[in-house]
Amino acid sequence: MAILSVPVHLRWGDMDVFEHINNVAYVGYLEDARVCLLANAGFAPELDGIRQFVVRHEIDYLKPLTFRAEPMQMQVWIESVGNSSYVIGYCLLDEAAEYMRAKTTMVCMNMESGYLVAFHRNLSKLMKS
């Protein structure tokens, strides 16, 4: 799956007492980018009783980020695919610098049984395209 570039609009309220974007705000930016990526790939929130859930975030803060009116760019892509999980990669940047790199691990769960399951064949095809 190709890299998707998603605009990220920083909010004044995302800053903390140290006048930089608080680390908690980044998780929201990841969510926005992840939803865009999955929607562009044609993923439905639920497919045949199978839902996807976040089980892990890893975030490397590379450079402090302060509020700006212009949107940043979040590059987002599917980094790897396993049997019942996949990893989404991210990079938050502007024309001059890279501010954050991150990964989110997602799993597929059967909502009726509550157990992790292998990907639905249609999801697997989308992931590997």
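This section describes the fold, strand pairing, nonpolar core and salt bridges of a predicted model of one protein chain.

In the predicted model, the secondary structure of the protein chain comprises two helices and six strands, and read from the N terminus these elements follow the order β-α-β-β-β-β-β-α. The chain holds 129 residues, of which 36% are buried. Among the contacts whose separation is 6 or more, 64% are made by residues 24 or more positions apart. The surface that the protein chain exposes amounts to about 7500 Å², and carbon and sulfur atoms contribute 53% of this area.

The pairing of the strands can be followed from the N-terminal strand onward. Strand β1, which spans residues 4-8, is joined to strand β4, residues 72-81, by five bridges, and the two strands run antiparallel; within this pairing, L4 stands opposite V76 of β4. The two faces of β1 are unlike in their cover, since L4, V6 and V8 form a covered face, whereas S5 and P7 form an uncovered one. In a regular strand, side chains alternate between the two faces of the sheet.

Strand β4 also pairs with strand β5, again in the antiparallel sense, through eight bridges, and in this register Q75 has C91 of β5 as its bridge partner. The connection between β4 and β5 is a hairpin of three residues. Strand β5 itself, residues 85-93, is mostly covered, with seven of its nine residues buried. On from β5, a hairpin of four residues leads to β6, and β5 and β6 are paired antiparallel over nine bridges; here S85 is matched with V107 of β6.

A residue of β6 illustrates the surroundings of this last pairing. T105 is found in strand β6 and is buried, because its relative accessibility of 18% falls below the 20% limit. Leaving out residues up to four places away in sequence, T105 touches S85, Y86 and V87, together with F53, V54, V55 and R56.

The largest nonpolar core contains 28 residues, and the members that touch the most other members are Y29, M74, Y90 and L92. Two or more residues are given to this core by each of β1, α1 (23-40), β4, β5 and β6, and the largest share, seven residues, comes from α1. In soluble globular proteins, nonpolar side chains tend to be buried together. The contacts of M74 give a closer view of this region: apart from neighbours within four places in sequence, M74 is in contact with L4, S5, V6 and V8, with Y29, L30 and A33, and with Y90, C91, L92 and M100.

Turning to charged side chains, five salt bridges are counted in the model. Side chains of opposite charge can pair when their charged atoms come close. One of the salt bridges links the side chains of D14 and R11, with an N to O distance of 3.2 Å. In this pair D14 is buried, at a relative accessible area of 9%, whereas R11, at 43% relative accessibility, is partly exposed.

A further salt bridge is formed by R56 and E58, whose closest N and O atoms lie 3.2 Å apart. R56 is partly exposed, with a relative accessible area of 46%, and E58 is likewise classed as partly exposed, at 34% relative accessibility. R56 is also one of the residues that T105 touches.

The side chains of E79 and K103 also meet in a salt bridge, at 3.2 Å from N to O. E79 lies in strand β4 and K103 in strand β6, residues 98-110, so this pair ties together parts of the chain that are 24 residues apart in sequence. E79 is partly exposed, with a relative accessible area of 36%, and K103, at 34% relative accessibility, also counts as partly exposed.

Key
Residues numbered from 1 in each chain as written. Predicted model: local features only at pLDDT ≥ 70, side-chain atom pairs only at ≥ 80, totals over all residues. Heavy atoms only, no water. Buried < 20%, exposed > 50% of the residue type's maximum accessible area, 1.4 Å probe, protein only. Pairing = 2+ DSSP bridges. Contact = heavy atoms within 4.5 Å. Areas by Shrake-Rupley, 256 points an atom, 1.4 Å probe, with all protein chains shown as cover. Salt bridge = Lys/Arg side-chain N within 4 Å of Asp/Glu carboxyl O. Core = buried A, V, L, I, M, F, W, Y, C linked by side-chain atoms within 4.5 Å.
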